[in-house]
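Grab a coffee and work through these exercises with the structure open beside you. Try each task before you read its solution.

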Amino acid sequence: LNKDIVLRRKETLANMCDERARMLQDQFNVSMNHVHALAILVSTFHHGKQPSAIDQKTFGEYTERTAFERPLTSGVAYALRVIHSERDQFEKQHGWTIKKMETEDQTLVQDCIPENLDPSPPQDEYAPVIFSQETVSHIVSIDMMSGKEDRENILRARASGKGVLTSPFKLLKSNHLGVVLTFAVYNIHLHPDATPEQRINATVGYLGASYDVPSLVEKLLLQLASKQTIVVNVYDTTSKIAPINMYGTDVVDTGLLHISSLDFGDPARKHEMHCRFKQKP
Ligand code: WA2
C-alpha cells in the first residue's frame with residue numbers, strides 16, 4: 001500500500017514537471033520563431049529597400065505591437081554590422097558615437113545610460129544597436145561586440161545561420177540572470193548549406209532578443225497556480241560539472257526530485273527543469 005502511494009507521488013511530480021517544462025519550451029520556441037521572422041522583416045524592409053522602409057519609430061511601434069507574439073522576451077533590438085573604415089561616416093550619419101558596453105561592475109545605474117558610456121575604442125568591426133523595442137532602448141548605440149556573451153553569440157549566429165543562445169549572464173539594467181537569442185541578417189539569400197565563410201561575408205547585422213528568465217518563468221508558473229505544491233528550478237547544464245541556476249531559489253531537499261529536459265533550440269546549450277514537492281509526505 002505504501003509502495004503504491006510513493007509510486008503515485010512520483011508519477012504526479014513527473015507529470016507536473018513535464019507539463020511545466022513543455023510549456024516553457026513551447027513558449028520559448030514560439031518567441032524564437034517570431035524573432036527569426038523579425039530578422040527577415042529587417043532584411044526585407046531595411047536592407048532590401050532603397051531607401052529603407054524601417055526607422056527607429058517604425059521598428060519601435062511594430063515590435064511593441066507584436067510583443068504578444070514573443071512570450072518570455074523582455075525586448076528585441078537590431079544591431080548593424082559596422083566595419084572600422086565605415087565608423088566615422090556611420091557616426092556622422094546617426095549623430096552619435098558607438099559606445100562600449102559597461103561590463104563587470106555596473107556599479108552606477110547612470111553608467112548604463114548611453115550618453116554616459118565611453119566611446120568604443122577602435123576595433124576591426126562593431127555591432128552598434130540602431131533599432132530597439134522601447135523596453136530595451138538603453139542599449140541603442142552600444143556596440144554589442146564589446147560584451148563577452150553578446151560577442152560570442154554574434155560570431156556563432158553569423159557563421160551558422162541559426163538562432164543561437166548565450167549562457168545566462170546579468171543583462172544590462174537588470175538584476176537578474178538572462179539569456180540573449182541572436183539571428184544574423186544577411187544581404188543575400190544564402191543556401192541552407194552555405195559555408196561559414198560565405199555567411200560571415202554576407203552578414204549585415206544582428207537581430208537579438210533578451211530573456212529575463214527569472215521574472216518570465218515566474219509569470220509562466222503563476223498562470224498554473226501550483227506554486228504551493230512544487231518547487232521549480234531551471235538550470236543551464238551546458239557544463240555538467242558547473243550547472244547555472246537560472247530560475248528558483250537554492251534547493252531545499254525534500255526527497256523526491258524529478259528532472260525534465262528542456263530544449264531551447266540551440267544544440268550548443270543544454271537546459272533542465274528540476275521539480276520537487278514543497279512538503280514531505
Ligand atoms: N539586449 C538587452 N539587454 C542586454 C543585451 C542585449 N543584447 N546584452 C546585455 N544586456 C541586439 O545579438 C544582437 C541584444 C543583442 C542583439
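**Exercise 1: the cavity lining**

The lining of the largest cavity splits into 12 nonpolar residues, 1 polar and 1 charged. Keep in mind that we're working with a predicted model here.

Task: work out how many cavities of 30 Å³ or more the structure holds, and which residues lie nearest the centre of the largest cavity.

Solution.
- Start with the count: there is 1 cavity of 30 Å³ or more.
- Next, its size: the largest cavity has a volume of about 110 Å³.
- Now look at the walls. They're made by 14 residues, and Leu24, Phe28, Val213, Val217 and Phe264 sit nearest the centre.
- Then assign the walls to elements: helix 1 and helix 6 are the ones that give two or more residues to this lining. Helix 6 gives the most, with 3 residues.

**Exercise 2: two helices that meet**

Task: decide how helix 1 and helix 6 are set against each other, parallel, antiparallel, perpendicular or oblique.

Solution.
- Take the axes of helix 1 (residues 2-47) and helix 6 (residues 213-222): they come within 11 Å and cross at roughly 125°.
- Angles of 65 to 115 degrees would count as roughly perpendicular, and those over 145 as roughly antiparallel. The crossing angle therefore makes helix 1 oblique to helix 6.
- For handedness, helix 1 passes helix 6 in a right-handed crossing.
- Now find the touching side chains and backbones: Arg20, Met23, Leu24 and Gln27 of helix 1 meet Val217, Leu220 and Leu221 of helix 6. By class, that contact has 5 nonpolar, 1 polar and 1 charged residues.
- Link back to Exercise 1: Leu24 and Val217 take part in this contact, and both are also among the residues nearest the centre of the largest cavity.

**Exercise 3: the open pocket**

Task: find out which elements each supply at least two residues of the lining of the largest pocket.

Solution.
- Volume comes first: the largest pocket has about 650 Å³.
- Of its 36 lining residues, Asp150, Phe169, Leu171, Leu172 and Val180 are the closest to the centre.
- Go through the elements, and you get strand 1 (75-80), helix 4 (148-160), strand 6 (169-170), strand 7 (177-186) and strand 8 (203-211).
- Finish with the classes: 17 nonpolar, 11 polar and 8 charged.

**Exercise 4: backbone oddities**

Task: say where in the structure Pro51 and Ser141 lie.

Solution.
- Pro51 is in the loop between helix 1 and helix 2 (56-65). The peptide bond leading from Gln50 to Pro51 is cis, with omega near 0°.
- Ser141 is in the loop between strand 4 (129-132) and helix 4. Ser141 has a positive phi of about 80°, although it isn't a glycine.

Terms used: Residues numbered from 1 in each chain as written. Predicted model: local features only at pLDDT ≥ 70, side-chain atom pairs only at ≥ 80, totals over all residues. Heavy atoms only, no water. 1 Å grid on protein atoms, 1.4 Å probe; cavity = no way out; pocket = protein on both sides within 12 Å on 5 of 7 lines; lining within 4 Å. Points joined across faces, edges and corners; volume = space filled by probe spheres on them. Helix = DSSP H or I, 4+ residues; strand = E, 2+ residues; numbered from the N terminus. Nonpolar A, V, L, I, M, F, W, Y, C, P; charged D, E, K, R; others polar. Axes fitted to C-alpha atoms, helices over the stretch in contact; angles between N-to-C directions. Parallel < 35°, antiparallel > 145°, perpendicular 65-115°, else oblique. Left-handed = near helix turned anticlockwise from the far one by under 90°. Contact = heavy atoms within 4.5 Å.
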